[in-house]
Amino acid sequence: MNVKKQFFEGLITQNPVLVQLLGMCPILAITTSMFNGLGMGLSVMIILTCSNVVISALRKIIPNKVRIACYIVVIAGFVTMVDLLLKAFVPALSKSLGLFIPLIVVNCIILGRAEGFASKNGIGAAALDGIFQGFGNMVALTIMCIIREFFGAGTFGGGILNGGKGIQILPPDAAALGMILPVGGFLTLGIFIAAVQYFMNKPKKNKEVAK
């Protein structure tokens, strides 16, 4: 179990959002304020970690023919718990994220890690995979939220700072409202992915030139 390798895979080289391109629907829909990004990111990380641990623990007794159905049952159980906890303790976040919390059940990030990693590795490695992949997802979500909120509303920390209004940085009339619309999500995600791929591949190009 290589903890350092797993950490960098989750954060950069195998980031579920920027490299594996998983879970695109909530990423484009809810990344309009820092509150949403952190809330969704933490929810996914908790569900992913717990699901990985349970699936890894049961991997030897789950019949191969029904493994996907079993994974979904496990994931759905943790999604229900998180959904109810948010409604009870963070109702504002629950209302803001809406149906995207229950839809985590079919989020490709969680099902993909269950099938690709947790079902083939021990509990410790599966838990770390859930934490690191979830953290990478949360970092990508939060950065997208900051960019879209700043250019779309001119604020920073919406839903968290200044009584939930965020800190106003740009004048309201200078904000590009399109950035908090779906087109802004596609634009931000495309540029973000392109930038990450450029910096990931740049060292390889330099090595090839040196040879």
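Reader: Where is asparagine 15 found?
Author: Let's start there, bearing in mind that this is a predicted model. Asparagine 15 isn't part of a helix stretch itself: its place is the loop between α1 (3-13) and α2.

Reader: Is asparagine 15 buried or exposed?
Author: Anything under 20% relative accessible area counts as buried. Asparagine 15 comes in at 2% relative accessibility, so this residue is buried.

Reader: Which backbone oxygen does the side chain of asparagine 15 reach?
Author: Start with what asparagine 15 touches, not counting residues up to four places away in sequence: Glu9, Gly10, Gln20, Gly136, Asn137 and Ala140. One of these takes part in a polar contact with the asparagine 15 side chain, at 3.1 Å. The backbone oxygen in question belongs to glycine 136.

Reader: How is the chain put together, and how many helices and strands are there?
Author: Reading from the N terminus, you go α-α-α-α-α-α-α-β-β-α. Count those up and you get eight helices and two strands.

Reader: What is the radius of gyration of the chain?
Author: The globule rule gives 17 Å for 211 residues, and the chain's value is close to that, so the chain is as compact as a globular protein of that length. Its C-alpha atoms fill a box of roughly 60 × 60 × 25 Å along the principal axes. The radius of gyration itself is 18 Å.

Reader: Which helix gives the most to the largest nonpolar core?
Author: In soluble globular proteins, nonpolar side chains tend to be buried together. Here the largest such core has 37 residues, and among those touching the most other members are Ile47, Ile104 and Ile110. The helices α2 (24-30), α3, α4, α5 (91-97), α6, α7 and α8 (182-210) each supply at least two residues. With seven residues, the one that gives the most is α4.

Reader: Which helices do the buried residues of α6 pack against?
Author: In α6 (residues 108-116), the buried residues are Ile109, Ile110, Arg113 and Ala114. They cover an arc of only 130° around the axis, which means they sit on the same side of α6. Isoleucine 110, for one, is in contact with Val44, Ile47, Leu48, Ser51, Ile75 and Ile104, leaving aside its neighbours within four places in sequence. As a set, the buried residues of α6 pack against α3 (34-57), α4 (67-89) and α7 (123-153).

Reader: Which residue caps the N-terminal end of α6?
Author: Look for a side-chain oxygen 2.9 Å from the backbone nitrogen of isoleucine 109. The residue that offers this oxygen, and so caps the helix by the 3.5 Å limit for a polar contact, is asparagine 107.

Reader: How many residues apart are phenylalanine 7 and phenylalanine 132?
Author: The count of aromatic pairs comes to five. In one of them, phenylalanine 7 and phenylalanine 132 meet edge-to-face, 5.5 Å centre to centre with 85° between the planes. Phenylalanine 7 belongs to helix α1 and phenylalanine 132 to helix α7, so by position in the chain, given how helices are numbered from the N terminus, the pair links distant parts. The separation is 125 residues.

Reader: Which of these two, phenylalanine 7 or phenylalanine 132, counts as buried?
Author: Phenylalanine 7 has a relative accessible area of 29%, so this ring is partly exposed. The other has 13% relative accessibility, under the 20% cut-off. The buried one is therefore phenylalanine 132.

Reader: Which residues do ring pairs link into a cluster?
Author: Phenylalanine 7 and phenylalanine 132 form a pair, and both belong to the cluster. The full cluster is Phe7, Phe8, Phe132 and Phe135.

Technical notes:
Residues numbered from 1 in each chain as written. Predicted model: local features only at pLDDT ≥ 70, side-chain atom pairs only at ≥ 80, totals over all residues. Heavy atoms only, no water. Buried < 20%, exposed > 50% of the residue type's maximum accessible area, 1.4 Å probe, protein only. Helix = DSSP H or I, 4+ residues; strand = E, 2+ residues; numbered from the N terminus. Arc of directions from axis to C-beta. Contact = heavy atoms within 4.5 Å. Polar contact = N/O pair within 3.5 Å; in protein donor to acceptor, adjacent residues only side chain to side chain. Core = buried A, V, L, I, M, F, W, Y, C linked by side-chain atoms within 4.5 Å. Phe/Tyr/Trp six-rings, centres within 6.5 Å; stacked < 30°, edge-to-face > 60°. Rg over C-alpha atoms; globule rule 2.2 N^0.38 Å.
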